[in-house]
Amino acid sequence: MLLSAEALLSLRSHTTASSTPADIAAAVRTRFPGADDATALEMVAEVIADASGLGPLYDLVRLPEVTDVLVHGHFGVWLDRGHGLEPQQTPWNDEAEVRHFAARLALSAGVRLDDLRPYADFMWAGIRCHIAVPPISERTCISLRIPQQHIRSLASVTHGQHADVHLVLTEVIRQRRSFLISGGT
């Protein structure tokens, strides 16, 4: 994190929801006139991530094929791209920072998260969010479920399955039958 909390607040006050990246870059250049181009670009990216509400998780959520981002306090951040959990560098130094982030994320969706309501489940920009904080969990836990942008074909869904699975599903679809598949989301 290049910018302090105070610097982010200052830049936030100079930008609006309709600010373009060029507007944010101009605000960064005004606030930090001595910053070189590379540093200014990093600052702009940080302000955009902060404005998104996802802060340090913004880049992880945008990675291709990511289905889940999981946070277990300041000890661990993991992402899942369909091949198991991959550990990531944690952006937080202590539990207080993670909890503050979680409260801000919930607040951005209009959901309360505090000692009296230590959990939150909500949709935020199409992402399913689940948060639990002490005392109902040992540390702040955040789960983000990212919807997939591509539609899978029947052949890709049944690849590696017994041939009967493909035949049964093809027939169910052809006959326009109602059916239920349960299991993993």
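**Exercise 1. Check the span of helix H7.**
Task: Compare the end-to-end reach of helix H7 with the span expected at 1.5 Å a residue.

Solution.
- Step 1. Helix H7 covers residues 163-174, which is twelve residues.
- Step 2. From its first C-alpha to its last, H7 reaches 17 Å.
- Step 3. The expected value is 16 Å, and the reach is close to that. The expected span is 1.5 Å times one less than the number of residues.
- Step 4. Look past the helix. Arg176 follows H7 and has a positive phi, near 55°.

Keep in mind that this model is predicted.

**Exercise 2. Place H7 in the chain.**
Task: State how many helices and strands the protein chain has, and in which pattern they follow each other.

Solution.
- Step 1. Count the elements: seven helices and six strands.
- Step 2. Read along the sequence: α-α-α-α-β-β-β-α-β-β-β-α-α.

**Exercise 3. Build the sheet.**
Task: Work out the strand order and find the edge strands.

Solution.
- Step 1. The six strands form an open sheet in the order S3-S2-S1-S6-S5-S4. The pairing is antiparallel.
- Step 2. Strand S3 (85-88) and strand S4 (119-124) are the edges, since each pairs on one side only.
- Step 3. Neighbouring strands are turned by 15° against each other on average, direction ignored.

**Exercise 4. Map the partners of S6.**
Task: Which strands are joined to S6 by five bridges, and which residues stand opposite each other?

Solution.
- Step 1. Strand S1 (residues 68-72) is joined to S6 by five bridges, and the two run antiparallel.
- Step 2. Asp68 has Arg145 of S6 as its bridge partner. His72 stands opposite Cys141 in S6.
- Step 3. Strand S5 (residues 127-132) is also antiparallel to S6, again with five bridges.
- Step 4. Ile131 stands opposite Ile142 in S6.

**Exercise 5. Sort the faces of S6.**
Task: Assign the residues of strand S6 (residues 141-145) to a covered or an uncovered face.

Solution.
- Step 1. Recall the rule: in a regular strand, side chains alternate between the two faces of the sheet.
- Step 2. Ile142 and Leu144 make up the covered face of S6.
- Step 3. Cys141, Ser143 and Arg145 make up the uncovered face.

**Exercise 6. Describe the whole chain.**
Task: What share of the protein chain is buried, and what is its accessible surface?

Solution.
- Step 1. The chain has 185 residues, and 34% of them are buried. Buried means under 20% relative accessible area.
- Step 2. The accessible surface comes to about 11900 Å². Carbon and sulfur atoms hold 58% of that surface.
- Step 3. Turn to contacts with a separation of 6 or more: 36% join residues 24 or more positions apart.

Technical notes: Residues numbered from 1 in each chain as written. Predicted model: local features only at pLDDT ≥ 70, side-chain atom pairs only at ≥ 80, totals over all residues. Heavy atoms only, no water. Helix = DSSP H or I, 4+ residues; strand = E, 2+ residues; numbered from the N terminus. Buried < 20%, exposed > 50% of the residue type's maximum accessible area, 1.4 Å probe, protein only. Contact = heavy atoms within 4.5 Å. Areas by Shrake-Rupley, 256 points an atom, 1.4 Å probe, with all protein chains shown as cover. Pairing = 2+ DSSP bridges. Axes fitted to C-alpha atoms, helices over the stretch in contact; angles between N-to-C directions.
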